[in-house]
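The following report considers how the interior of one protein chain is put together, taking its strands, its nonpolar cores, its aromatic rings and its cysteines in turn.

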Amino acid sequence: YSVGALSPVVTGSVTVVNVINRASVSATAEAGGFIGRLYELLNTDIAIVVTDCVNDGNVVGGSSVGGFIGYIACGGKLVVSNFTNNGEIGGGKTGGNIGGFAGYVQDIKEASVLNYSNNGFVSGSSSVGGVIGLLKDVPETEFSGISNTGNITGGNNIGGIIGNVDATTSFNLSLSNCINSGNVTADSYAAGFVGVVFSPRPPNT
């Protein structure tokens, strides 16, 4: 539970620059190529900054599995630039919230992912994406320069970029210069970019 090649659990701001992970990571839940879990809801100044990093390791777990991090919940922001995932990321037949970068991202103020490439096979039971599996209650999200060539597969809510966007309030979601050339397959709710959006109102895109 909560396993990463760099750190199992982080409870504050973290900056990761120019790091390559080649180790395989396995956990029952919250498995990440670099970090298993980051959780800090009380501090809105928390920042997760990831620049010029590569994951070459395979990452497997029961739920919340990602090429960089399994699970993020914090009041701050996520800034990713120039990240590549080449590893196989999987949650098995029953594991949900699986992503090439992050499995489950929740309750952060804003997320920005720029110049990201996923070349790995990503699979799980539900909420599976080439970048993020489940994006929940994030009011401002930007994706730019995204390339997914990996095959993305699962039971439901499967997307080449995001598997599932779940929002209880209005939100802004920006996608620009994004390409998906991987096969996206699911029993229900599959799309090249975003598998499904659950929201009380349409997103501002």
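Two strands are said to pair if DSSP finds at least two bridges between them. The model described here is a predicted one, and in it strand 18 and strand 21 pair in the parallel sense over four bridges.

**Strands and a loop**

Within the pairing of strands 18 and 21, I132 stands opposite I162 of strand 21. Strand 21, which spans residues 162-166, is mostly covered, four of its five residues being buried. Strand 21 also pairs with strand 25 (residues 194-198), again in the parallel sense and over four bridges, and there V165 stands opposite V197 of strand 25.

The loop between strand 18 (132-136) and strand 19 (140-148) contains D137. Once neighbours within four places in sequence are set aside, D137 is in contact with D107, I108, D166, A167, T168 and T169. A polar atom of the D137 side chain lies 2.8 Å from the backbone nitrogen of T168. By contrast with these contacts, G159 is 22 residues from D137 along the chain, and the C-alpha atoms of the two are separated by 18 Å.

**Nonpolar cores**

In soluble globular proteins, nonpolar side chains tend to be buried together. The largest nonpolar core of this model has 38 residues, and those with the most contacts inside it are I48, F68, F83, F101, V131 and F143. Apart from that core lies another, of 12 residues, among them A27, V65, I89 and V128.

For F83, the contacts beyond its neighbours within four places in sequence are with F34, V50, C53, N55, G67, F68, G100, F101, N115, Y116 and S117.

**Aromatic pairs**

The structure holds seven aromatic pairs, of which two stacked examples are set out below.

| Pair | Centre to centre | Angle between planes |
|---|---|---|
| F68 and F101 | 5.1 Å | 0° |
| F83 and Y116 | 6.0 Å | 5° |

The pair of F68 and F101 links distant parts of the chain, 33 residues apart, with F68 in the loop between strand 10 (65-66) and strand 11 (69-74) and F101 in the loop between strand 14 (96-99) and strand 15 (102-106). F68 is buried, with a relative accessible area of 0%, and F101 likewise counts as buried, at 1% relative accessibility.

The pair of F83 and Y116 also joins distant parts of the chain, 33 residues apart, but here the partners lie in strands, F83 in strand 12 (residues 77-85) and Y116 in strand 16 (residues 110-118). Both F83 and Y116 are buried. Ring pairs link F34, F68, F83, F101 and Y116 into a cluster.

**Cysteines**

How many disulfides does the model contain? The count comes to zero, where a disulfide would require a pair of cysteine sulfur atoms within 2.5 Å. C53 is in no disulfide, and the nearest cysteine sulfur, that of C74, is 17 Å away. C53 counts as buried because its relative accessible area is 1%, which is under the 20% that marks a buried residue. For C178, which is likewise in no disulfide, the nearest cysteine sulfur is that of C53, 20 Å away. C178 also counts as buried, at 14% relative accessibility.

How values were computed
Residues numbered from 1 in each chain as written. Predicted model: local features only at pLDDT ≥ 70, side-chain atom pairs only at ≥ 80, totals over all residues. Heavy atoms only, no water. Core = buried A, V, L, I, M, F, W, Y, C linked by side-chain atoms within 4.5 Å. Buried < 20%, exposed > 50% of the residue type's maximum accessible area, 1.4 Å probe, protein only. Contact = heavy atoms within 4.5 Å. Helix = DSSP H or I, 4+ residues; strand = E, 2+ residues; numbered from the N terminus. Polar contact = N/O pair within 3.5 Å; in protein donor to acceptor, adjacent residues only side chain to side chain. Phe/Tyr/Trp six-rings, centres within 6.5 Å; stacked < 30°, edge-to-face > 60°.
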